[in-house]
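User: Please take me slowly through one part of this model, beginning with a single residue and following its surroundings outward. I am new to this structure, so please explain each term as you go.

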Amino acid sequence: MERKTIEVVAAVIRDNDKIFATQRGYGEFKGGWEFPGGKIEKNEVPQQALIREIKEELDTEIEVNDLIDIVEYDYPTFHLKMHCFWASVKKGNLVLKEHEAAKWLTKETLYSVEWLPADLGLVEMIERLMAK
Ligand SMILES: Nc1nc2c([nH]c(=O)n2[C@H]2C[C@H](O)[C@@H](COP(=O)(O)OP(=O)(O)OP(=O)(O)O)O2)c(=O)[nH]1
Ligand SMILES: [Mg+2]
């Protein structure tokens with residue numbers, strides 16, 4: 001049987017040498033670390049979806065910058081297609097409305113949290129990009 005594809009957007013919110021990681025507060029992947037974001041709704045373009053999700057999850061207005069990568073990953077029950085963008089805070093204080101915890105990570109502490117399986121390749125890419 002064909003796995004269903006879930007199309008997601010994620011924000012790698014950056015402040016100079018740090019990026020913002022969040023820990024999932026509920027559901028199948030509770031406790032795992034991710035980049036905030038969520039499912040693209042019908043009739044939304046990824047950038048719009050991301051602005052909406054970050055407002056909902058963190059009560060913060062972001063600027064969506066360049067696309068980093070589109071991650072494709074097979075979970076046992078679905079296929080994930082995740083559009084990952086650099087982002088920066090425009091307005092707001094990154095309030096955790098749904099997440100359990102959050103951390104600002106540097107290149108050195110990037111692997112100090114338990115990333116969701118789909119994020120590992122992306123995190124490696126970010127590590128390389130943060131070198132500059
Ligand atoms: N947001 C986000 N989701 C990720 C990442 N890595 C990863 O495997 N996922 C998976 C977990 C979920 O199955 C799916 C995203 O769903 P989500 O739970 O964030 O979606 P949502 O915010 O719209 O939440 P909901 O309304 O479905 O509860 O993608 C990541 O870095 N960020
Ligand atoms: Mg989400």
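Analyst: Helices (H or I, at least four residues) and strands (E, at least two) are DSSP runs, numbered from the N terminus. This is a predicted model, in which local features need pLDDT of at least 70 and side-chain atom pairs count only at pLDDT 80 or more, while totals for chains, interfaces and linings use all residues. Residues are numbered from 1 along each chain as its sequence is written, and chains are lettered from A and ligands numbered from 1 in the order in which they are written.

Our starting point, Leu129, belongs to helix H2, residues 120-130. Leu129 is partly exposed because 15 other C-beta atoms lie within 10 Å; 20 or more would make a residue buried and 12 or fewer exposed, with C-beta atoms placed from the backbone. Between Leu129 and Val12 there are 12 Å from C-alpha to C-alpha, although the two are 117 residues apart in sequence.

From here we turn to the strands, where two strands pair if DSSP finds at least two bridges between them. S1 pairs with strand S2 (residues 18-23) in the antiparallel sense over two bridges, and Asp15 has Lys18 in S2 as its bridge partner. These two strands make a hairpin with two residues between them, and Asn16 in the turn has a positive phi of about 55 degrees. S2 also runs antiparallel to strand S7 (residues 101-105), joined to S7 by five bridges, with Thr22 bridged to Ala102. Two bridges further link S2 with strand S3 (residues 33-34), again antiparallel, and there Thr22 stands opposite Glu34.
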